[in-house]
Amino acid sequence: MELDERKSRILKAVVESYIASGEPIGSKALAEMFGNCVSSATIRNDMTVLTSAGYLEQPHTSAGRLPTAKAFALYVERLMEKRTLPWQDAQLIDEMMGGASGDATRLLEDTCRALADITGLAAIATRPDEVGSCISRIDVLQMSPRNMAVVLALDNGFLRTRMCRCQRDIPSKVTVALADYMCHRFLNKPLEAITVPAMQEIILELGELGLAVAPILSAFYELAQECAASKTVLAGHLNLLRHRAYAPERAKDLMSLLTERERIGELIAKRATDGVQVIFGDENTPELVGSCMIITRYTLGNRGQGAIGIVGPLGMDYADIIPRIEYFACTVGRVLTDLFEESSALDMR
């Protein structure tokens, strides 16, 4: 149904009252909010119409009304007053991101933690689509005669490191030669080139030495699998336990969903488009009923796109949170692009 101006004002007031207090509101309180220029009886009749239309619900017969997911959706789309991010908040985010290291993976994890801290909600992000991403760096760093750190970096700036231990002492010249060999074989190749048969082939080619360095090759293979699979970053999910909207059982279901990173990553990838997307539940994701997901894309130069956003209760302050997410997305895209360009410049030297 199309809402007239008065019903729209009433619905906006109910939503904003719930965001502020988390409590139902009645017609008398709304009339006072409007300066008693509309009678409580008129407001009560309009609230009954809004309830029949699915915008409001009444938890108890004598209680006031609560907004439904349908009401929040209409509020965000048409009734909410858009805000810009205060410059002090933008400056704070810039300071958080200003100390970013050259590790794009760490940067995205730190960004998620910062977004979760600022909003008090759960923050999620996906790394840029890695279709076509190639290996830009392979290192084997000798920490001791038997302990090694294997480093794998992609040309989109993302980097992973894994420790491993060999069964016998490995001369430093062997680790250097092995790193050179792996670079010759896999540098500028896609992740898909790092397979179990490829690792077995290298071990056979190296003969007796292959068995000695097998833990290094195994760590290298595991890093490649990790780079291909761990595309979703999550932070602050325990923040949700502080929100009164989440009863223990509902919180348990939502927490379970958020720990399924592959599933939540697929949901984000499916729904993230240009601009901010506000998702009120999902018919194929019952754990999100009563919750909202706000996501937007960030762009890594011409190397693809990722998504960043939050998950929280329906009664969150959308007007406050949406500009924060937009600014985070813009900032992380810019910083990641700079990191990628710096890495590319170093590789060309």
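Here a visitor and a guide chat about a predicted model, looking at its rings, strands and charged pairs.

Visitor: Let's start with rings. How are the planes of Phe72 and Tyr318 arranged: stacked, edge-to-face or tilted?
Guide: The structure holds four aromatic pairs, and Phe72 with Tyr318 is one of them. Planes under 30 degrees apart count as stacked and those over 60 as edge-to-face. Here the centres are 5.9 Å apart and the planes meet at 50°, so the pair is tilted.

Visitor: How many residues apart are Phe72 and Tyr318?
Guide: Phe72 belongs to helix α4, residues 69-79, while Tyr318 is in helix α13, residues 318-348. Both of these residues are buried. The pair links distant parts of the chain, and the separation is 246 residues.

Visitor: Which residues form a cluster with Phe72 and Tyr318?
Guide: One aromatic cluster holds four residues we can name. Besides Phe72 and Tyr318, its members are Tyr18 and Phe280.

Visitor: What about Phe220: buried or exposed?
Guide: Phe220 sits in helix α10, and its ring pairs with that of Phe186 in helix α7. Buried means under 20% relative accessible area. Phe220 has a relative accessible area of 0%, so the word for it is buried.

Visitor: Which charged residue lies over the face of Phe34?
Guide: Charges can sit over rings in this model: the charged end of Lys70, for one, is over the ring of Tyr55, 4.6 Å from its centre. For Phe34, the distance to the ring centre is 4.5 Å, and the residue lying over its face is Arg9.

Visitor: On to strands. Why is strand β5 described as largely enclosed?
Guide: Strand β5 covers residues 147-154. It pairs with β4 in the antiparallel sense over seven bridges, and seven bridges also join it to β6, again antiparallel. It is called largely enclosed by the rest of the structure because of how many of its eight residues are buried: seven.

Visitor: Which residue in β6 is the bridge partner of Val151?
Guide: β5 and β6 run antiparallel. On the β4 side, Leu141 stands opposite Ala149 in β5. In β6, the partner of Val151 is Thr161.

Visitor: What is the area of the nonpolar surface patch made by Leu141, Met143 and Met163?
Guide: One of its members, Met163, lies in strand β6, residues 159-165. Together with Leu141 and Met143, Met163 makes a nonpolar surface patch of about 310 Å².

Visitor: Now charges. How many residues apart in sequence are the parts tied together by Glu2 and Arg78?
Guide: Side chains of opposite charge can pair when their charged atoms come close. Glu2 and Arg78 form a salt bridge, with their closest N and O atoms 3.6 Å apart. Glu2 is in the segment before α1 and Arg78 in helix α4, so the parts they tie together are separated by 76 residues.

Visitor: Is Lys12 buried or exposed?
Guide: Lys12 shares a salt bridge with Glu16, at 3.1 Å from N to O. The two lie in helix α1, four residues apart, about one turn of the helix. Glu16 is partly exposed at 30% relative accessibility. Lys12, at 19%, falls under the 20% cut-off, so Lys12 counts as buried.

Visitor: How many salt bridges does the structure hold?
Guide: We have met a couple, and another joins Arg168 and Glu208 at 3.9 Å, N to O. There is also a network of salt bridges linking Asp4, Arg6, Lys7 and Asp46. The count for the structure is 18.

Conventions. Residues numbered from 1 in each chain as written. Predicted model: local features only at pLDDT ≥ 70, side-chain atom pairs only at ≥ 80, totals over all residues. Heavy atoms only, no water. Phe/Tyr/Trp six-rings, centres within 6.5 Å; stacked < 30°, edge-to-face > 60°. Buried < 20%, exposed > 50% of the residue type's maximum accessible area, 1.4 Å probe, protein only. Lys NZ or Arg CZ within 6 Å of the ring centre and 35° of its normal. Patch = residues over 30% accessible without salt bridge, like charges linked within 9 Å, V, L, I, M, F, W, Y side chains within 5 Å. Areas by Shrake-Rupley, 256 points an atom, 1.4 Å probe, with all protein chains shown as cover. Salt bridge = Lys/Arg side-chain N within 4 Å of Asp/Glu carboxyl O. Pairing = 2+ DSSP bridges.
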